[in-house]
Amino acid sequence: MREIGNLLLEYNIKPSNPRLHIYSYLDKYRNHPTVEDIYLEVIESIPTLSKTTVYNTLDLFEEKELVKSLNVDNIEKHYELIIEDHSHFYCEKCDNIFDIPYKDINFLPSGYENFKIKEKNIILKGICPKCR
């Protein structure tokens with residue numbers, strides 16, 4: 001947890017116990033969890049944890065660009081640590097989200113060269129091989 005604490009300090013985030021546990025969960029599982037997923041896991045270590053704390057912590061992490069949220073199922077946000085650019089595949093049958101890496105793809109067709117891309121976000125939806 002000490003390394004995570006140092007990382008949070010680098011981003012000017014006070015490393016409180018809930019923040020350390022929430023970041024640790026995201027780092028350990030990398031399964032695109034929802035607030036509910038994180039809450040149910042972390043409350044075992046911190047019985048006084050509230051969902052509001054989880055929401056506020058994730059908002060702070062996102063503001064500081066430590067995590068990224070995505071909404072693949074149009075129901076609730078899923079969270080992940082910011083890693084290299086990648087897209088996602090959402091299985092409509094099992095609800096799993098898979099990371100799909102990509103290299104320097106040019107997303108702009110001709111005529112849009114003067115646009116500055118701040119974020120690339122591709123979400124593919126369908127059925128994964130396991131569910132087929």
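**Notebook: fold, core and two loop residues**

Entry 1, overall layout. I read the order of elements from the N terminus and recorded α-α-α-α-β-β-β-β-β. My tally for the chain is four helices and five strands. I note here that the model is predicted. I then looked up the extent of the C-alpha trace, which spans about 50 × 40 × 25 Å along its principal axes. Of the 132 residues in the chain, 36% are buried. I found an accessible surface of about 8,900 Å² for the chain, with 47% of that surface belonging to carbon and sulfur atoms. I also checked contacts between residues at least 6 apart in sequence, and 45% of these join residues at least 24 apart.

Entry 2, the nonpolar core. I turned next to the largest nonpolar core, which holds 22 residues. The members that touch the most other members are Leu8, Ile22, Leu26, Ile38, Val54, Leu58 and Phe61. I asked which elements supply at least two residues each to this core. They are α1 (2-10), α2 (17-29), α3 (35-42), α4 (51-63) and β2 (78-81). The largest share, five residues, comes from α2. I record as background that nonpolar side chains tend to be buried together in soluble globular proteins.

I then followed Leu26 through its contacts, leaving aside residues up to four places away in sequence. Leu26 touches Pro33, Ile38, Leu58, Val67, Tyr79 and Leu81.

Entry 3, α1 against α2. I examined how these two helices meet. Their axes come within 10 Å and cross at roughly 105°. An angle of 65 to 115 degrees counts as roughly perpendicular, so I entered α1 as roughly perpendicular to α2. From α1, the contact uses Ile4, Gly5, Leu7 and Leu8; from α2, it uses Arg19, Leu20, Tyr23 and Ser24. I sorted the residues of this contact into five nonpolar, two polar and one charged.

Entry 4, positive phi. Most residues other than glycine have a negative phi. I therefore looked up two exceptions, given that general tendency. Asn12 has a phi near 60° and is found in the loop between α1 and α2. Is Asn12 buried or exposed? I found Asn12 exposed, with a relative accessible area of 66%.

Asp95 has a phi near 65°, again a positive value in a residue other than glycine. I located Asp95 in the loop between β3 (86-91) and β4 (97-101). At 44% relative accessibility, I entered Asp95 as partly exposed.

Definitions and conventions. Residues numbered from 1 in each chain as written. Predicted model: local features only at pLDDT ≥ 70, side-chain atom pairs only at ≥ 80, totals over all residues. Heavy atoms only, no water. Core = buried A, V, L, I, M, F, W, Y, C linked by side-chain atoms within 4.5 Å. Buried < 20%, exposed > 50% of the residue type's maximum accessible area, 1.4 Å probe, protein only. Contact = heavy atoms within 4.5 Å. Axes fitted to C-alpha atoms, helices over the stretch in contact; angles between N-to-C directions. Parallel < 35°, antiparallel > 145°, perpendicular 65-115°, else oblique. Nonpolar A, V, L, I, M, F, W, Y, C, P; charged D, E, K, R; others polar. Areas by Shrake-Rupley, 256 points an atom, 1.4 Å probe, with all protein chains shown as cover.
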